[in-house]
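Thanks, everyone. Please bring the structure up on your screens. I will keep this short.

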Amino acid sequence: MKPVCNSVSVCVPATSANLGSGFDVAGIALDYADSLVFTLDDSLDDSQDVRVIIHGEGEDTLPKDETHLVVRAFRKACEEFGLPHLRFTLEARNRIPQARGMGSSASAIVSGVAAAWAFAHNEDLNKQAIFELAATIEGHPDNVAPAVFGGLTTSWKNGEEFHTVRYNVSKKIRATIFVPNFTLSTQMARQALPEKVPYADAVFNVSRACLLPIAFGDFGDFSAFADSCDSAHSCDSCAKTTLSRNDLLFTATKDSIHQPYRASLMQPTWDLVKTLRDAGFAAAISGAGSCAAVFYEEKSQATVEANNATNISEKIEKIAKPLLDGCDWKILHVKIDSHGVTASRA
């Protein structure tokens, strides 16, 4: 099979997995993306089948040859989609921090697989095929799913097959990501986990994880569900439901089965998460760490001005500031990505 085009541009969002309670299951796409261009290049000699150019994150540390994760995923996908061994130049503009819990490896794999699909087919991206292959390469789907589909996802493995369900996320929800100057490998974070957890802790997490689609969902406040109750009797539980979106986000992101065991590996991040949660904010370690993520429904600017109030993002920064002094943290205020991976041909 010959490539259908000479160049493919791919954009893949960062992701945050676990979301506190949804360990190894939940993930969400962030509006903060890497952009990559794959261009067929016959000028390369026999000793060099790929040229890799990196701008931004990882430009001084990532490999620039066949061992680059994007290139390896691209090669694997080309085999799967019937393409020959291609010579090409990869130019990557990386924004996603490496080894910080924002899905950098998943985004790399998804970008390679999506690019191969676009070279092999004229039609729109087959995201289901891209997800299945990318999850197989990654070995787990929790970051891959939101990187491919956008929004909030719940993913699982059944035998050798990977599956996911996508949920739309309210356009009002925002995330503040605290990116520290230290990394943490997923392998090390895995090794910190116990082989078994108490039954009560497991039940605790299941009950909170079930709330994630509601807390993040694309509909009004949770109280709207109470208002729609059609019970013929007087429903006290409905009448007393006054939980706000941020109340639900806070509850849904509670965790007992993974973050406490990993805390000592990233104490500054854990201290930040605890401080923000003590103040009532839905903070969690992003993925395996070392980033901290805070999710919230931001008030409109008009509402803030009318009430002479402060943006929630500003409140979060103010609370976090004493814990950030003296350490090189980057703070990102981002929206939730609803599109997932995109690709264009030239």
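I will go through the domains, then the interface, then the strands, and finish with some backbone details.

A word of caution to begin with. This is a predicted model.

Start with the overall division. The domain assignment splits the chain into domain 1, residues 7–170 + 338–345, and domain 2, residues 173–334. So how far apart are the centres of domain 1 and domain 2? Taken over C-alpha atoms, the separation is 26 Å.

Now the interface. On one side, 27 residues of domain 1 make contact; on the other, 42 residues of domain 2. Together the two domains bury about 2400 Å². Of that area, 61% is on carbon and sulfur atoms. Which residues of domain 1 lose the most area to domain 2? They are Ser21, Arg100 and Ser170. Together they account for 27% of what the domain 1 side buries.

Next, the polar side of the interface. There are two salt bridges between domain 1 and domain 2. Elsewhere in the count of polar contacts, 20 residue pairs are found across this interface. Look also at Asp24 and Arg190. They form a salt bridge, with the closest N and O atoms 2.6 Å apart.

Which strands supply the domain 1 side? Strand S1, 7–17, and strand S2, 26–40, each give at least two residues to it. S2 provides the largest share, five residues.

Stay with S2 for a moment. S2 pairs with strand S5, residues 152–158, in the antiparallel sense, over three bridges. Ala26 has Thr154 of S5 as its bridge partner. S5 in turn pairs with strand S6, residues 161–167. That pairing is antiparallel too, with seven bridges. Here Asn158 is matched with Glu161 in S6. S5 and S6 make a hairpin with two residues between the strands. In that hairpin, Gly159 takes a positive phi near 70 degrees.

Now a second group of strands. As a reminder, strands of a sheet pair through backbone hydrogen bonds, either parallel or antiparallel. Four strands form an open sheet here, in the order S8-S9-S7-S10, with antiparallel pairing. Why do S8 and S10 each have one side without a neighbour in the sheet? Strand S8, 282–285, and strand S10, 330–335, stand at the edges with a single partner strand each, so one side of each is left free of a neighbour. Neighbouring strands in this sheet are turned by 20 degrees against each other on average, direction ignored.

Look inside the sheet. Strand S7, residues 173–179, and strand S9, residues 292–297, run antiparallel and are joined by six bridges. One example is Ala175, whose bridge partner in S9 is Phe295.

Two helices go with this sheet. Helix H12, residues 267–278, packs on it and touches S7, S8 and S9. The direction of H12 makes about 165 degrees with that of S8. Helix H10, residues 245–252, lies across S7, S8 and S9. H10 runs at about 150 degrees to S9.

Last, the backbone details. Most residues other than glycine have a negative phi, and most peptide bonds are trans. Two places to check, then. Leu19 sits in the loop between S1 and S2. Its phi is positive, near 55 degrees. Ser290 is in the loop between S8 and S9. The peptide bond from Gly289 to Ser290 is cis, with omega near 20 degrees.

That is the tour. Thank you.

Notes
Residues numbered from 1 in each chain as written. Predicted model: local features only at pLDDT ≥ 70, side-chain atom pairs only at ≥ 80, totals over all residues. Heavy atoms only, no water. Pairing = 2+ DSSP bridges. Axes fitted to C-alpha atoms, helices over the stretch in contact; angles between N-to-C directions. Contact = heavy atoms within 4.5 Å. Domains from an automatic or database assignment. Buried area = accessible area lost by both parts, 1.4 Å probe. Salt bridge = Lys/Arg side-chain N within 4 Å of Asp/Glu carboxyl O. Polar contact = N/O pair within 3.5 Å; in protein donor to acceptor, adjacent residues only side chain to side chain.
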